Amino acid sequence: MTTIAGGGVEGVRDGSCDRARFAEPQGVAVDDAGAIYVADAASHRIRRISPDCVVTTVAGGASAAGEDWSGTFGHRDGPAEQALFREPSAVVFDHEGNLLILDRGNGRIRMLSPDGMISTMAGGSPLPREGYSQANHGHRDGYAQQAFFFLPGGLAIDHEGSIFFTEYGGVRIIEDGGYVSTVLRTTHVRLGSELSLFTRGIAVGADGALYVADPYYDRVVRVTRDGMLTIVADGLANPTQVLALPDGSLLVTDSGDNVIRKITFEGGQ
């Protein structure tokens with residue numbers, strides 16, 4: 001185990017890996033050149049760790065300077081250096097080299113293009129409603145920004161380019177053409193189901209199924225494209241992220257036990 005970048009002190013500081021600071025880093029993705037992109041949730045920024053180990057801010061945090069990251073959140077598209085996010089929690093590259101960003105607090109999926117522009121790919125804001133927070137936009141399927149999300153958590157993409165994400169109460173898909181639809185809606189925890197309302201990490205397995213980390217029920221669940229559920233691991237301790245490996249196995253961050261677990265299947269499936 002080695003530390004690539006950052007130290008034990010929360011903050012926002014670019015520079016060499018040994019001097020850089022992060023603020024609650026969450027999702028990571030790696031580009032074809034080996035650079036690591038990090039969703040730095042508490043600083044509301046997207047950070048990049050270069051192959052020669054230099055940390056830079058590539059998007060977000062435009063309203064603050066230096067190491068003071070307070071007041072930097074919001075929603076603004078445009079050039080990456082002027083963009084604003086609210087607690088980005090997951091990142092993944094699509095097949096065209098765009099970095100997809102799950103902007104959890106804004107209830108949107110954003111996109112950083114190779115030319116350095118930020119745009120909102122899906123998710124919008126309904127008119128303000130009494131009792132609804134900034135993060136609770138409700139649930140509505142539809143094209144692109146006509147859809148509403150409620151606290152999206154995990155993000156994954158399959159080999160055909162379909163985008164999957166978890167949110168409070170379900171699993172959604174964005175298919176070619178930008179239409180957002182619902183793969184699965186989970187019931188209230190009091191009614192019982194294989195998945196709780198509080199899903200987080202998601203991955204597309206080698207078998208084409210979805211694997212979802214459920215920190216409330218402490219399990220990992222397999223979800224087929226038609227919404228069928230199977231528990232593949234139970235009795236964990238706050239699993240939050242899941243990664244599918246080419247051999248069919250899974251890596252799971254088991255946060256409550258502070259370990260990384262590996263799940264293997266008979267026959268590699």
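Which residue stands opposite Thr166 in β16? Select Thr166 and look across: Val171 in β16 faces it. Strands here are DSSP runs of E with at least two residues, numbered from the N terminus.

Before moving on, note what is loaded. This is a predicted model, where local features need pLDDT of at least 70, side-chain atom pairs count only at pLDDT 80 or more, and totals for chains, interfaces and linings use all residues. Residues are numbered from 1 along each chain as its sequence is written, and side-chain values use heavy atoms, with hydrogens and water left out.

**Stop 1: β15 and its partners**

Select residues 163–167, strand β15. Of its 5 residues, 5 are buried, so the strand is largely enclosed by the rest of the structure. Buried means under 20% relative accessible area, exposed means over 50%, and partly exposed lies in between (1.4 Å probe, protein chains only). Now show side chains. Ile163, Phe165 and Glu167 point one way. Phe164 and Thr166 point the other way.

Add β16, residues 170–174. β15 and β16 pair in the antiparallel sense over 5 bridges. Two strands count as paired if DSSP finds at least two bridges between them. The hairpin has 2 residues between the strands. Select Gly169 there: its phi is positive, near 95°.

Next, add β14, residues 155–157. β14 pairs with β15, again antiparallel, over 3 bridges. Ile157 stands opposite Ile163. This hairpin has 5 residues between its strands. In the turn, pick Gly161, with a positive phi of about 95°.

**Stop 2: Gly138**

Select Gly138 in strand β11, residues 136–140. Gly138 is buried, at 12% relative accessibility. Then draw a C-alpha to C-alpha distance to Phe149. The two are 11 residues apart in sequence and 5.9 Å apart in space.

**Stop 3: the disulfide**

Where does the disulfide sit? Select Cys17 and Cys53, whose sulfurs are 2.1 Å apart. A disulfide is called when a pair of cysteine sulfur atoms lies within 2.5 Å. By this rule the count is 1. The pair links distant parts of the chain, 36 residues apart. Cys17 is in the loop between β1 (15–16) and β2 (25–30). Cys53 is in the loop between β4 (45–49) and β5 (54–60).

Check the torsion about the S-S bond: it is about -110°, so the disulfide is left-handed. Finally, color by accessibility. Cys17 is buried, at 5% relative accessible area. Cys53 is partly exposed, at 28%.

Note on methods
Helix = DSSP H or I, 4+ residues; strand = E, 2+ residues; numbered from the N terminus.
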